[in-house]
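Biologist: Please take a close look with me at a single part of this model, the aromatic rings and their surroundings. I would enjoy one connected account.

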Amino acid sequence: MSDGRGRGGGVPGWYWLVAMAALLFELAGCYALYLQLTTDAAALPVDQRALIEATPMWITGAYALAVVSGLVGAIALLQRRRFAKGALLLSLVAIAVQFGGILLVPALRSSIPSDELLGPIVIFVLAYGFWQFAKIAAKRDWLR
(Lines give C-alpha, C1' and ligand atoms only; values in the text may rest on other atoms or scores of the structure.)
Protein backbone atom coordinates (compact mmCIF):
# COMPACT_ATOMS: atom_id res chain seq x y z
CA MET A 1 0.00 0.00 0.00
CA SER A 2 1.33 3.44 -0.92
CA ASP A 3 1.40 6.27 1.62
CA GLY A 4 1.58 8.96 -1.09
CA ARG A 5 5.30 9.42 -0.69
CA GLY A 6 7.66 9.29 -3.61
CA ARG A 7 11.28 8.36 -3.89
CA GLY A 8 14.08 10.62 -2.85
CA GLY A 9 13.28 12.18 0.47
CA GLY A 10 9.81 10.98 1.36
CA VAL A 11 7.59 13.43 -0.52
CA PRO A 12 5.21 12.50 -3.32
CA GLY A 13 6.09 13.51 -6.85
CA TRP A 14 3.18 15.94 -7.04
CA TYR A 15 4.73 17.90 -4.16
CA TRP A 16 7.42 19.16 -6.53
CA LEU A 17 4.82 20.13 -9.14
CA VAL A 18 2.91 22.26 -6.63
CA ALA A 19 6.13 23.79 -5.27
CA MET A 20 7.23 24.69 -8.81
CA ALA A 21 3.79 26.15 -9.56
CA ALA A 22 4.13 28.29 -6.42
CA LEU A 23 7.55 29.48 -7.57
CA LEU A 24 6.27 30.40 -11.04
CA PHE A 25 3.26 32.20 -9.52
CA GLU A 26 5.50 34.23 -7.21
CA LEU A 27 8.00 35.02 -9.98
CA ALA A 28 5.12 36.32 -12.10
CA GLY A 29 4.09 38.54 -9.18
CA CYS A 30 7.65 39.84 -8.82
CA TYR A 31 7.78 40.63 -12.52
CA ALA A 32 4.44 42.45 -12.37
CA LEU A 33 5.69 44.50 -9.41
CA TYR A 34 8.90 45.31 -11.30
CA LEU A 35 6.87 46.51 -14.28
CA GLN A 36 4.64 48.62 -12.05
CA LEU A 37 7.59 50.25 -10.31
CA THR A 38 9.59 50.95 -13.47
CA THR A 39 6.83 52.07 -15.83
CA ASP A 40 6.71 55.79 -16.51
CA ALA A 41 3.17 56.85 -15.60
CA ALA A 42 3.34 59.74 -18.09
CA ALA A 43 3.60 57.21 -20.93
CA LEU A 44 0.34 55.48 -19.96
CA PRO A 45 -3.20 56.28 -21.06
CA VAL A 46 -5.01 58.76 -18.83
CA ASP A 47 -7.15 56.17 -17.02
CA GLN A 48 -4.17 53.95 -16.18
CA ARG A 49 -2.11 56.96 -15.11
CA ALA A 50 -4.91 58.07 -12.79
CA LEU A 51 -5.01 54.60 -11.25
CA ILE A 52 -1.28 54.60 -10.57
CA GLU A 53 -1.37 58.11 -9.15
CA ALA A 54 -4.31 57.22 -6.88
CA THR A 55 -2.51 54.21 -5.40
CA PRO A 56 -1.10 55.05 -1.96
CA MET A 57 2.39 53.91 -1.05
CA TRP A 58 1.07 51.55 1.65
CA ILE A 59 -0.72 49.51 -1.03
CA THR A 60 2.46 49.35 -3.11
CA GLY A 61 4.36 48.36 0.05
CA ALA A 62 1.85 45.60 0.76
CA TYR A 63 2.25 44.43 -2.84
CA ALA A 64 6.03 44.30 -2.47
CA LEU A 65 5.76 42.45 0.84
CA ALA A 66 3.30 39.98 -0.70
CA VAL A 67 5.49 39.04 -3.64
CA VAL A 68 8.81 39.00 -1.77
CA SER A 69 7.50 36.90 1.14
CA GLY A 70 5.67 34.68 -1.33
CA LEU A 71 8.86 34.16 -3.32
CA VAL A 72 10.75 33.31 -0.12
CA GLY A 73 7.97 30.87 0.80
CA ALA A 74 8.01 29.19 -2.62
CA ILE A 75 11.79 28.80 -2.52
CA ALA A 76 11.45 27.39 1.01
CA LEU A 77 8.93 24.85 -0.31
CA LEU A 78 11.47 23.74 -2.90
CA GLN A 79 14.07 23.45 -0.15
CA ARG A 80 11.49 21.70 2.05
CA ARG A 81 11.90 24.22 4.88
CA ARG A 82 9.27 24.69 7.57
CA PHE A 83 9.37 28.48 7.43
CA ALA A 84 7.63 28.24 4.05
CA LYS A 85 4.34 28.10 5.96
CA GLY A 86 4.98 31.40 7.75
CA ALA A 87 6.33 33.16 4.68
CA LEU A 88 3.30 32.13 2.60
CA LEU A 89 0.94 33.23 5.39
CA LEU A 90 2.66 36.64 5.48
CA SER A 91 2.24 36.84 1.71
CA LEU A 92 -1.46 35.99 2.00
CA VAL A 93 -2.03 38.67 4.65
CA ALA A 94 -0.17 41.25 2.55
CA ILE A 95 -2.32 40.31 -0.46
CA ALA A 96 -5.44 40.85 1.65
CA VAL A 97 -4.15 44.28 2.72
CA GLN A 98 -3.21 45.19 -0.84
CA PHE A 99 -6.53 44.20 -2.36
CA GLY A 100 -8.45 45.51 0.64
CA GLY A 101 -6.96 48.87 -0.27
CA ILE A 102 -9.01 48.81 -3.45
CA LEU A 103 -12.14 48.93 -1.30
CA LEU A 104 -10.75 51.45 1.18
CA VAL A 105 -9.39 54.08 -1.21
CA PRO A 106 -12.30 55.83 -2.93
CA ALA A 107 -10.25 56.88 -5.98
CA LEU A 108 -9.26 53.26 -6.59
CA ARG A 109 -12.70 51.85 -5.85
CA SER A 110 -14.34 54.15 -8.38
CA SER A 111 -11.77 53.62 -11.14
CA ILE A 112 -11.66 49.81 -11.18
CA PRO A 113 -14.58 48.16 -12.97
CA SER A 114 -16.15 45.26 -11.09
CA ASP A 115 -15.34 42.82 -13.90
CA GLU A 116 -11.63 43.45 -13.26
CA LEU A 117 -11.91 42.23 -9.67
CA LEU A 118 -11.70 38.60 -10.80
CA GLY A 119 -7.90 38.87 -11.06
CA PRO A 120 -7.38 39.81 -7.40
CA ILE A 121 -9.80 37.08 -6.32
CA VAL A 122 -7.90 34.44 -8.32
CA ILE A 123 -4.59 35.68 -6.91
CA PHE A 124 -5.93 35.50 -3.36
CA VAL A 125 -7.34 31.99 -3.88
CA LEU A 126 -4.05 30.73 -5.35
CA ALA A 127 -2.03 32.28 -2.51
CA TYR A 128 -4.43 30.72 0.00
CA GLY A 129 -4.01 27.35 -1.72
CA PHE A 130 -0.21 27.54 -1.58
CA TRP A 131 -0.36 28.43 2.13
CA GLN A 132 -2.69 25.50 2.79
CA PHE A 133 -0.33 23.26 0.84
CA ALA A 134 2.57 24.39 3.05
CA LYS A 135 0.48 23.69 6.16
CA ILE A 136 -0.29 20.17 4.93
CA ALA A 137 3.34 19.59 3.99
CA ALA A 138 4.46 20.68 7.47
CA LYS A 139 1.85 18.48 9.14
CA ARG A 140 2.98 15.44 7.10
CA ASP A 141 6.62 16.17 7.97
CA TRP A 142 7.58 16.87 4.38
CA LEU A 143 9.20 20.08 5.60
CA ARG A 144 12.13 20.16 7.97
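Modeller: Gladly, and let me begin with the rule for rings: those of Phe, Tyr and Trp (its six-membered ring) pair if their centres lie within 6.5 Å, and planes under 30 degrees apart count as stacked, over 60 as edge-to-face and the rest as tilted. Ring pairs of this kind link W14, Y15, W16, F133 and W142 into a cluster. Please keep in mind that the model is predicted, so local features need pLDDT of at least 70 and side-chain atom pairs count only at pLDDT 80 or more, while totals for chains, interfaces and linings use all residues. Residues are numbered from 1 along each chain as its sequence is written, and side-chain values use heavy atoms, with hydrogens and water left out. As for confidence, pLDDT is the predictor's own score for each residue, from 0 to 100; its mean over the chain is 91, and 94% of the residues reach 70 or more.

Back to the rings. By the pairing rule there are eight aromatic pairs. One of them joins Y15 and F133, a tilted pair with 5.2 Å centre to centre and 40° between the planes. Because Y15 lies in helix α1 and F133 in helix α6, this pair ties together parts that are 118 residues apart in sequence. Helices here are DSSP runs (H or I, at least four residues), numbered from the N terminus. Both partners are buried, meaning under 20% relative accessible area, with exposed over 50% and partly exposed in between (1.4 Å probe, protein chains only): the value is 0% for Y15 and 8% for F133.

What else does Y15 touch? Leaving aside residues up to four places away in sequence, its contacts are L77, R80, F133, A137, W142 and L143, where contact means heavy atoms within 4.5 Å. R80 comes just after α3 and takes a positive phi of about 60°. Y15 also has a place in the largest nonpolar core, a set of buried Ala, Val, Leu, Ile, Met, Phe, Trp, Tyr and Cys residues joined through side-chain atoms within 4.5 Å. This core has 27 residues, and Y15, L77, L88 and L143 touch the most other members. Two or more of its residues come from each of α1, α3, α4 and α6.

The partner's helix rewards a look too. α6 (residues 118–139) has 22 residues and reaches 31 Å from its first C-alpha to its last, close to the 32 Å expected at 1.5 Å a residue; that expected span is 1.5 Å times one less than the number of residues. Its buried residues are P120, A127, F130, W131, F133, A134, A137 and A138. They cover an arc of only 155° around the axis, which puts them on the same side of α6; the arc is that of the directions from the helix axis to the C-beta atoms. This buried set packs against α1 (13–38), α3 and α4 (84–104). The face of α6 turned away from the buried side carries the exposed L118, I121, V125 and K139. After α6 comes D141, with a positive phi near 60°.

Finally, α3 meets the same neighbourhood: what covers its buried residues includes α1, α4, α5 (106–111) and α6. Among those buried residues are A74, A76 and L77, and L77 is one of the contacts of Y15. Across the elements of the chain, α3 has the highest mean pLDDT (98) and α5 the lowest (82).
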